Amino acid sequence: MSRNDAAFRVPLLAALLAGWNIAAGSQSPPPPPAQILGPDQCAPCHAAQTDDRLSSPTRWLAYDRHALAGLGCADCHGGDPRTADPQQAHGASAGFVGRPDPLQIPDLCARCHSSPQFMITYNPSLGVDQYEKYWTSRHGQLLKMGMRKVAQCASCHTAHNIRGASDPSSTVYRVNVPRTCAHCHGDPVYMAGYPIPTDQYVKYAASVHGQALLQHEDLAAPACNNCHGNHGAVPPGADSLAHVCGLCHAMNAQLFEKSPHAKPFATQGLPQCVVCHRHHAIAKPTPEIFDMGADSVCIACHRQNDAGWQTGKKMYALISGLSGLNEQAERALDQAQTLGMDVSDGRFALMDFRKSFLELRTLSHSFDLSVFSAKAEEAKGQAAQPLQTAKDALREFHFRRQGLLVSLLLSLPVLALLYWKIRHLPPRG
Ligand code: HEC
Ligand code: HEC
Ligand code: HEC
Ligand code: HEC
Ligand code: HEC
Ligand code: HEC
Ligand code: HEC
Ligand code: HEC
Ligand code: HEC
């Protein structure tokens, strides 16, 4: 490595430092280094330090994406990586940054990550828009105002153990994201002074989504960033956070748009799905919600016997009747099966019914009684089939048992005759 490489880097970093002010957030970052230096003297010396603060950055060199890509300490911190003399290595003339201030970190990372020309030589599939999006987030806006406690790049990604999002040990792996956010958002002491609650993680972890992701590792369920965006901007396809649910629950969203709720909710600025399901504490919905009892979300707006109330009650009657049929058919099929009868046709028919039943639950979002009743009627017809199969199987079973008895009875005289015949055979010889 020639001295010229460092000479190139120094003015670059100096220019970078000179440009480091908060307003720089909105400017495009300076270009990345033309050439990255190879193995350096920084890491071996730091690894040997007894102070954990100094040695810990070298602990993850075998995993950190930057180290794996051949990038060294000086690529982020500046300094002269080829000398074992700490004075020189940390020299201001070599553009040493030391520990970057949180306000400087987005620019530090963006030096490479916002440069398509640079990133394409390493990993063409990585986006280069994180920096730009970050400044649109609440975190970015507050950092720009000088608030160091908000999340910047290193708070979510770490500084020295940076891994890709698909690595299960990464802080931004889907299953780990809620804890990464909760590190701050779930800590009332850290968040003191900010006017927002600190219950998001606790509520989320107990919700249908949190249980699916954290307990069952169902990667289809959303982590915090699937709703809030990785870097702050609302995920593509959702024009606001209130519309984010439709990204995954597309049918529900379509039905909602056509429902009698769409217009009044929009006029009043109510956040769609969140009105009935909440955002972090989403519970498993049950048909009882339609029954207008004390726990029903509907009674927040509907008064006794208004049109919504009456429709809700009717929907409840239809849907609870069907869930009774499901259990009835299941029991009957089980009973026939324990008696050794083949009820596989009934099981298939029951699957059809269950599919319709699920569709019906989704269809409830139309809040249109005629559409809902038609589907309920269809499902009811499908439930009749497994019930019939079970009934037929039971009849068949009884028929066979009776048949066996009859044939046994019929064969008795023959057997008796045979016995009599044997007894009265003339003795041999
Ligand atoms: C010969 C050993 C040695 C070498 C080589 C070395 N360092 Fe250090 N580094 C230290 C020690 C000791 C400290 C703590 C005392 C100090 O700040 O000088 C330190 C401190 C630091 C800090 C923390 C500064 C702060 O403000 O807290 C950073 C960052 C750092 N070094 C990065 C580097 C980089 C980058 C290189 C290579 C360009 C490098 N070091 C080379 C020994 C070394
Ligand atoms: C991808 C960029 C990047 C690389 C590569 C990198 N660092 Fe850092 N380093 C940072 C950032 C960002 C911080 C500040 C972290 C913070 O404030 O949370 C930091 C902080 C530090 C600190 C101060 C830690 C403290 O708690 O005070 C030391 C020491 C350090 N780095 C040394 C190193 C050494 C040695 C290497 C090479 C093995 C290295 N860094 C490689 C970005 C990097
Ligand atoms: C609030 C937390 C948070 C902050 C702040 C943050 N990130 Fe991310 N970042 C994430 C998450 C979560 C993912 C993973 C998304 C996924 O699952 O694909 C990610 C993904 C990435 C990726 C992988 C490619 C991509 O875009 O999917 C890069 C590169 C990246 N971030 C760089 C940055 C940089 C640079 C900054 C600062 C300007 C930053 N991040 C700030 C949470 C954050
Ligand atoms: C000197 C240039 C450079 C700097 C500075 C830099 N990165 Fe990177 N980063 C890269 C390169 C190159 C890769 C791609 C490595 C690969 O895929 O082999 C990468 C990969 C990543 C990834 C993994 C993306 C994925 O999903 O595979 C994340 C996350 C990331 N960087 C975040 C950061 C953060 C946060 C900072 C600032 C603390 C930072 N980077 C500073 C060059 C840089
Ligand atoms: C380093 C600590 C830290 C981390 C990590 C962090 N945040 Fe934040 N976040 C804050 C602080 C501080 C605020 C400012 C609170 C405010 O808006 O007044 C904030 C604000 C927010 C806001 C805006 C709240 C509002 O309505 O004002 C959202 C949304 C948010 N964070 C989501 C996330 C998500 C999602 C993650 C994880 C991917 C995350 N944060 C990670 C510290 C953090
Ligand atoms: C299913 C989507 C979804 C998930 C998952 C999600 N959020 Fe939210 N979050 C929202 C919505 C919607 C709002 C409300 C926005 C509004 O009222 O304008 C919100 C609001 C917030 C706020 C503002 C303050 C508050 O509590 O209302 C913070 C901070 C926040 N979320 C952080 C998180 C964190 C941290 C996680 C993960 C533990 C998370 N969110 C998971 C959708 C989600
Ligand atoms: C990233 C995709 C995704 C997003 C975004 C999302 N969900 Fe979900 N949701 C799922 C998955 C997957 C499940 C199934 C979890 C399980 O196994 O129970 C689910 C389950 C549910 C359930 C329970 C379904 C049942 O049958 O019991 C409700 C209610 C729900 N989500 C509402 C919402 C609302 C409201 C929002 C927006 C605030 C939202 N979801 C955002 C993927 C998502
Ligand atoms: C945030 C308030 C709000 C909630 C919660 C709410 N609704 Fe409504 N609903 C309205 C408004 C406003 C209208 C339109 C005006 C009207 O007809 O009362 C409406 C209309 C309806 C209609 C059409 C009535 C007609 O005129 O034909 C039905 C059916 C309905 N709602 C059922 C329900 C059910 C069932 C629930 C609970 C699952 C529910 N609503 C929850 C506010 C709400
Ligand atoms: C007016 C209240 C209301 C609104 C608004 C609402 N839901 Fe529902 N949702 C319900 C009720 C009530 C159930 C329970 C149905 C059942 O169990 O039979 C339910 C059930 C669900 C289910 C489980 C059944 C299924 O479809 O798989 C999901 C998922 C769901 N809602 C998502 C959403 C989404 C996404 C939105 C916004 C587009 C939304 N809901 C808007 C009241 C509402």
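The following conversation explains why certain words are used for parts of this predicted model.

User: How do you know how far the model can be trusted, and how are its parts counted?

Analyst: The protein averages a pLDDT of 88, and 91% of the residues score at least 70, where pLDDT is the predictor's confidence in each residue, from 0 to 100. Over residues 1-38 the pLDDT is below 50, although this stretch has 66 contacts in the model beyond near neighbours in sequence, a contact being heavy atoms within 4.5 Å. Residues are numbered from 1 along each chain as its sequence is written, while chains are lettered from A and ligands numbered from 1 in the order in which they are written. Because this is a predicted model, local features need pLDDT of at least 70 and side-chain atom pairs count only at pLDDT 80 or more, whereas totals for chains, interfaces and linings use all residues, and side-chain values use heavy atoms, with hydrogens and water left out.

User: What makes His-77 and His-160 donors of the iron atom of ligand 2?

Analyst: Donors are N, O and S atoms within 2.8 Å of the metal (3.2 Å for Na, K and Ca), and since water is not among the atoms, sites may look incomplete. The NE2 atoms of His-77 and His-160 coordinate this iron atom at 1.9 to 2.0 Å, so they meet the definition.

User: Why is the arrangement around the iron atom of ligand 2 called octahedral?

Analyst: Four donors count as tetrahedral if all angles lie between 85 and 135 degrees; four count as square planar and six as octahedral if opposite donors are over 155 degrees apart and all others between 65 and 115, and anything else is irregular. The six donor atoms around the iron atom of ligand 2 subtend angles of 88 to 179 degrees, and therefore the arrangement is octahedral. His-77 lies in helix H5 (residues 74-77) and His-160 in the loop between helix H11 (153-157) and helix H12 (177-185), so the pair ties together parts that are 83 residues apart in sequence; helices (H or I, at least four residues) and strands (E, at least two) are DSSP runs, numbered from the N terminus.

User: What makes the site of the iron atom of ligand 3 octahedral?

Analyst: The angles among its six donor atoms are 85 to 180 degrees, and the site is octahedral. Its protein donors are His-157 (NE2) and His-231 (NE2), lying 2.0 Å from the iron atom. His-157 belongs to helix H11 and His-231 to the loop between helix H16 (224-228) and helix H17 (250-258), so parts that are 74 residues apart in sequence are tied together by the pair.

User: Which residues coordinate the iron atom of ligand 9, and what makes its arrangement octahedral?

Analyst: The coordinating residues are His-277 (NE2) and His-365 (NE2), at 1.9 to 2.0 Å. The six donor atoms subtend angles of 87 to 180 degrees, which makes the arrangement octahedral. This pair links distant parts of the chain, with His-277 in helix H19 (residues 273-277) and His-365 in the loop between H21 and H22, 88 residues apart.

User: Why is Ser-366 called buried?

Analyst: Buried means under 20% relative accessible area, exposed over 50%, and partly exposed in between (1.4 Å probe, protein chains only). Ser-366 has a relative accessible area of 9%, so Ser-366 is buried. By contrast, His-77 at 23% is partly exposed, and so is His-160 at 32%. Ser-366 sits in the loop between helix H21 (344-363) and helix H22 (369-423), and not counting residues up to four places away in sequence, Ser-366 touches Leu-255, Ser-259, Pro-260 and Val-371.

User: How do you know that Arg-82 and Asp-80 meet in a salt bridge?

Analyst: A salt bridge is a side-chain nitrogen of Lys or Arg within 4 Å of a carboxyl oxygen of Asp or Glu. For Arg-82 and Asp-80 the N to O value is 3.6 Å, so the pair satisfies that definition. Arg-82 is partly exposed at 30%, whereas Asp-80 is buried at 5%.

User: What makes Arg-347 and Glu-330 a salt bridge, and which parts do they tie together?

Analyst: Their side chains meet at 3.9 Å, N to O, which means that the pair is within the limit of 4 Å. Arg-347 lies in helix H21 and Glu-330 in helix H20 (residues 307-338), so the pair ties together parts that are 17 residues apart in sequence.
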